[in-house]
Amino acid sequence: MTQAIIDLIAVILTIMVLSRIVGDNPLFRVAQYLFVGVSLGLAFVVSYHQVLRPAVSSLTSGGANNFSLYGVPLLLGLLLLPRITRRQEYSWLANIPLALIFGVGSALAVGGAIAGTLLPQILDTARPLNGDPAQIIGVIVLALGTVLTLSTFYYTIPQDSPTGRLVAISALIGHWLLMIAFGFFFASALQTYLSALTERLSFLLQWFQGFAR
Amino acid sequence: MWLRSDTAAATDDANQLPDWLRTSQPTSPAAAAPPPTEPSGPAATGTGEELPPWLRDEAGQPLPTAGAPGDVHLPEWLRGAVTEPPTSPVSEQRRHRPPTPAEPVSPAQLDWFGDAETTETQGRSAGESEFFGGAELPAWLRKAESEPAAEINPADARSLDWLTRLGAIEEESMSAATPTPRLPPRAQPTRSAAQREALTLLERLAAEPFPQATPEPAPAPASLWQRIGLERLLYLLLLVILLVALAVPALTDNLQLETPPEAPGASDLAAQINRLSENDVVMIGYEWDARRISELRPLKEAVLDQLIQKKVKLVLVSTDPQGTLLLFDLRDDLVRANYRTHGEDYILLGYKPGGELALRSLAQDFQGMLRSDFQGNDASEGSLASDVQTGQPRLTSLNDLSMILVLADDSADVQSWMEQVHRSAPQVPLGFLLPAETAPIVQPYLKQQLIYHLAGKQGALAYQQLRSTDAASAALIARDVGQQRLSILIFIGLFVLGAIAVGVAQATTRRRAAP
């Protein structure tokens with residue numbers, strides 16, 4: 001019975017979302033607002049049950065270790081609360097945890113990007129030329145494509161010089177390489193959205209077939 | 001001469017004053033007046049003694065030209081105009097008014113001096129005009145022409161109107177405060193028709209800066225075809241054809257090719273998972289939400305179900321709130337597969353807030369992370385995380401894991417796991433289950449060593465094909481492949497149809513518009 005009600009709600013919401021095909025209408029907007037509201041509510045429930053409640057219960061159970069592990073983060077979290085009201089006398093207190101979050105987050109992101117993204121990708125574009133001929137050609141094409149694509153974004157060289165003309169030609173080729181890459185992205189996105197549409201239509205069809213029986 | 005007669009008349013008037021007034025009266029106005037500092041007229045040069053040295057000859061006698069006016073040697077047309085006596089009403093009034101005893105008359109204070117100079121200047125300029133009248137002067141010598149009136153926008157017109165009114169008030173107050181003789185009204189300049197029109201426009205704009213909105217003509221009623229629109233029609237066509245294809249699977253039989261579906265990375269991932277056994281521990285990251293359920297659920301069913309079949313030990317974690325909810329669904333699958341709870345066969349860490357921060361702490365202190373599962377219980381003492389017989393921990397870092405598998409719906413998730421987790425444990429195989437949309441974006445990560453991936457529904461079907469052993473599951477896979485191919489073909493067909501229709505419509509419009 002519960003599953004039947006859940007399925008019915010899912011069918012109604014799916015039809016409300018698909019009603020966008022005839023234009024913007026209240027049904028679609030209700031489904032949209034419901035999705036946002038439910039997502040926020042779910043995030044709050046998850047945060048309460050998975051973060052706040054365990055932290056408070058551990059803090060109240062005592063122990064110096066628990067205080068440093070849960071008390072300091074809770075205190076920093078409480079400092080964010082003055083931002084709730086419109087009175088700004090104490091809102092500067094929220095700057096302390098926010099500065100901590102942004103500082104640590106930025107450091108983490110920069111460090112991670114250098115070690116986890118930039119260096120591996122640079123190394124990957126300069127692979128050694130060994131293995132079978134197809135692999136060697138692939139490495140050359142990869143390196144050339146990288147240079148040509150990067151030259152698309154090289155705007156400051158005058159084009160009346162021989163070097164400038166060379167850069168202009170390579171930028172043109174790089175531009176088309178970018179277009180081809182965007183075409184792949186679009187085709188992949190199309191696959192994703194058609195899969196979603198097919199899955200929802202299949203769900204609707206199965207529900208109606210079961211309802212007819 | 002006229003000044004002397006005035007002075008004489010004043011002296012006569014002074015003789016008629018009573019005695020009590022005569023005592024304070026100076027003996028003569030000339031005695032009361034301060035002496036002039038320098039000679040101010042031809043009368044001063046009448047005697048040779050008063051001449052400066054540069055106007056005398058070597059014998060000290062005056063030069064023959066000393067007494068003559070300055071322009072006596074000039075040609076007739078260069079001489080100045082004849083100085084006329086002052087004619088302004090104020091000067092006339094002063095001339096006939098006797099000087100009062102309290103204000104002695106001084107030559108420096110006389111108005112006729114300034115008036116005569118003005119008259120002289122006017123005469124000189126008149127002479128110049130006559131002289132240059134016949135000549136065509138260069139532009140810089142001509143009289144400045146009046147500038148055409150600049151157009152004023154409504155906002156300036158309002159401010160101009162305000163300034164005009166303010167100026168009128170100021171003028172009135174000033175004229176009331178200082179009674180001055182009223183000059184005759186200045187003759188109005190003659191304005192051209194264009195200037196008068198501009199003035200009228202300016203006044204109208206100042207009065208009504210914003211014109212009244214004229215009602216737009218009612219649009220022509222749209223036809224049925226225009227109300228529906230080509231785009232909407234194509235969407236409806238796509239929907240109907242897909243519904244029919246799903247309702248009648250036989251329609252897609254021709255699209256179910258003989259060759260099995262293929263996907264890059266599927267065979268490598270299958271080989272890696274086939275190496276795992278029930279003694280291995282795999283960490284699974286749930287970083288997806290319900291929006292990508294159409295692709296990630298088949299991927300999850302294809303890959304995780306195999307792990308569950310092999311009874312591989314699992315550590316489940318998520319930094320996404322919706323992913324956490326979906327993790328609880330996975331827990332139901334584990335319970336159905338007889339997985340033991342309380343950290344024996346799997347550990348559900350649940351939601352770890354902070355995104356990259358949580359992943360970093362997971363990489364740095366994995367054992368500490370195990371101390372609090374989704375209910376706050378210490379999972380590090382379970383049989384999965386520690387050896388029951390020796391009591392030694394089995395899971396101290398990420399390197400103790402056999403594999404890490406991440407279900408990610410976004411390229412940012414892949415980047416975070418690569419940057420924070422994989423660089424801490426580069427020897428641990430890392431697999432990504434992705435939507436087809438995300439796979440091309442994260443290709444640079446997927447090329448690295450010990451990185452596996454499977455993308456989209458096509459990848460899920462390819463993986464299922466590798467696992468399937470019975471004919472029933474093979475038929476289901478073939479049907480799904482046929483439906484997916486049909487949907488792509490229909491979309492491409494409608495896309496081309498729409499492009500042709502738009503091109504034809506534009507060509508027709510251009511042909512009609514052409515003369």
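A salt bridge, as the term is used here, is a side-chain nitrogen of Lys or Arg within 4 Å of a carboxyl oxygen of Asp or Glu. With that in hand, let's work through this predicted model.

**Exercise 1.** Find how many salt bridges the rule gives over all chains, then check A:R29 and A:D24 against the rule.

*Solution.* Start with the count: it comes to 8 salt bridges over all chains. Now take the pair in chain A. The closest N and O atoms of A:R29 and A:D24 are 3.6 Å apart. The cut-off is 4 Å, so the pair qualifies as a salt bridge. As for its surroundings, A:R29 has a relative accessible area of 35%, which means partly exposed.

**Exercise 2.** Decide whether B:R291 and B:D289 are buried or exposed.

*Solution.* First, the contact: these two side chains form a salt bridge, with 3.1 Å from N to O. Next, look at each partner. B:R291 has a relative accessible area of 52%, so this arginine is exposed. B:D289 has just 9%, so the aspartate is buried.

**Exercise 3.** Work out which parts of chain B are tied together by B:R292 and B:E437.

*Solution.* Begin with the distance: the side chains meet in a salt bridge at 2.9 Å, N to O. Then place each residue. B:R292 is in the loop between β1 (281-287) and α11 (293-309), while B:E437 is in the loop between β5 (430-434) and α16 (443-446), so the pair ties together parts that are 145 residues apart in sequence. Finally, check exposure: both residues are buried. Chain B also has a salt-bridge network, linking B:K300, B:D333 and B:R336.

**Exercise 4.** Classify the ring pair B:F491 and B:F495.

*Solution.* The whole structure has 8 aromatic pairs over all chains. For this one, the ring centres are 6.3 Å apart and the planes lie at 20 degrees, so the pair is stacked. Where do the two residues lie? Both are in helix α18 (residues 471-513) of chain B, 4 residues apart, or about one turn of the helix. B:F491 is partly exposed at 23% relative accessibility, whereas B:F495 is exposed at 54%.

**Exercise 5.** Find which rings in chain A have an arginine over them, including those of A:F28 and A:F203.

*Solution.* Take A:F28 to begin with: the charged end of A:R20 sits over its ring, 5.6 Å from the centre. Then turn to A:F203, where A:R200 lies over the face at 4.5 Å from the ring centre. Elsewhere in chain A, A:W207, A:F208 and A:F211 form one aromatic cluster.

Conventions. Residues numbered from 1 in each chain as written. Chains lettered and ligands numbered in written order. Predicted model: local features only at pLDDT ≥ 70, side-chain atom pairs only at ≥ 80, totals over all residues. Heavy atoms only, no water. Buried < 20%, exposed > 50% of the residue type's maximum accessible area, 1.4 Å probe, protein only. Phe/Tyr/Trp six-rings, centres within 6.5 Å; stacked < 30°, edge-to-face > 60°. Lys NZ or Arg CZ within 6 Å of the ring centre and 35° of its normal.
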